[in-house]
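Reader: I have a protein model open in front of me and would like some help reading it. Could you walk me through it step by step?

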Amino acid sequence: MLMKTLVVIPVRDFADAKSRLEPLLGASRRATLARWLCERTLTFFRERMPEQDVLVVTACDTIAQLARSYGAAVLREDCSRGMSAAAQLAADWSSVQGYDSQLLIPADIAQLDEAELRTLLNHPRPVPSVLISPAHDRGTNALLTTPPNILPFQFGLNSSDQHWNAAHRRGITCSLIHLPKLSFDIDTPADLASLASASATTSTSFGARWDPLPSGLSRPAHRPIMVQEVPAC
């Protein structure tokens, strides 16, 4: 059975993002990095998976406008309460809208890969079930829940373990799928150094050579897109 799945991307205000990079980057550069990563993610789904419904959850006007320009729907928070609260808000909304599943992806994956994302989406999904793709530090870099609000979201330290345990306490079928590129996000100076060394077009100064597109991805055409902003309540 083909399941109707919503991709959810929670995005916090760029000015507040990437605080763990503070020893290396000032506030302006952290905000620039956060926006760059967000635009890479939105570009990926618009260019590589245009058939996929995408919802950005944010409390920020600027991010809402940016998401709409890339063709994503927007669910507005009254204020930012963190990843878990944003995921829950989206899950409640997507359940009401008739989605069978929710795939939550953070906006700071270093390099999204179409084959990996399709592996996730094509993985067998009994109802109910949870599919976790862990980060390299045992966080959660993709979480596929069927139905969307089947378990409480527990993002934070070792969240892949927390989501696994929450599913098993409830008797929900839960699977771990380890995907190399999806396991790598940008949170620490070491992560940023790895990203810089992996790409000849990336520099930690974020200057002119800093290409805002994933390798092999064409620059998005600028065209008007009619999208409906989804109210949060």
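Author: We will go from the whole chain to two strands and then to one side chain. Please keep in mind that this is a predicted model.

Reader: Happy to start wide. How many helices and strands does the protein chain have?

Author: The protein chain has six helices and eight strands. Along the sequence they come in the pattern β-α-β-α-β-α-β-α-β-β-α-β-α-β.

Reader: What share of the residues counts as buried?

Author: Buried means under 20% relative accessible area. Of the 233 residues in the protein chain, 50% fall in that class. The accessible surface is about 10,900 Å², and carbon and sulfur atoms supply 52% of that surface.

Reader: And what share of the contacts comes from residues 24 or more positions apart?

Author: Among contacts with a separation of 6 or more, such pairs make up 65%.

Reader: Now for a single strand. Is strand S5 enclosed or open?

Author: One way to read this is to look at each residue of the strand in turn. In S5 (residues 129-134), six of the six residues are buried, so the strand is largely enclosed by the rest of the structure. Ser129, Leu131 and Ser133 point one way, while Val130, Ile132 and Pro134 point the other way, and all are buried.

Reader: Which strands pair with S5, and in what sense?

Author: Two strands count as paired when there are at least two bridges between them. S5 and S6 are antiparallel and share six bridges; in this pairing, serine 129 sits opposite threonine 146 of S6. S5 also runs parallel to strand S7 (residues 173-176), with four bridges joining them, and there valine 130 faces cysteine 174.

Reader: What lies between S5 and S6 in their hairpin?

Author: Five residues separate the two strands, and arginine 138 in this hairpin has a positive phi near 75°.

Reader: Let's finish with a side chain. Is asparagine 141 buried or exposed?

Author: Asparagine 141 belongs to strand S6 (residues 140-146). The cut-off for buried is under 20%, and asparagine 141 counts as buried because its relative accessibility is 2%.

Reader: Which backbone oxygens does its side chain reach, then?

Author: The side chain of asparagine 141 reaches the backbone oxygen of leucine 182 at 2.8 Å. A polar atom of that side chain also lies 3.4 Å from the backbone oxygen of serine 183. Leaving aside neighbours within four places in sequence, the contacts of asparagine 141 include Leu104, Ile109, Ser133, Phe184 and Asp185.

Conventions. Residues are numbered from 1 along each chain as its sequence is written. This is a predicted model: local features need pLDDT of at least 70, side-chain atom pairs count only at pLDDT 80 or more; totals for chains, interfaces and linings use all residues. Side-chain values use heavy atoms; hydrogens and water are left out. Buried means under 20% relative accessible area, exposed over 50%, partly exposed in between (1.4 Å probe, protein chains only). Contact means heavy atoms within 4.5 Å. Accessible areas come from the Shrake-Rupley method with a 1.4 Å probe; for residues, only the protein chains shown count as cover. A polar contact is a pair of N or O atoms within 3.5 Å; within protein, one must be able to donate a hydrogen and the other to accept it, and residues adjacent in sequence count only if both atoms are side-chain atoms.
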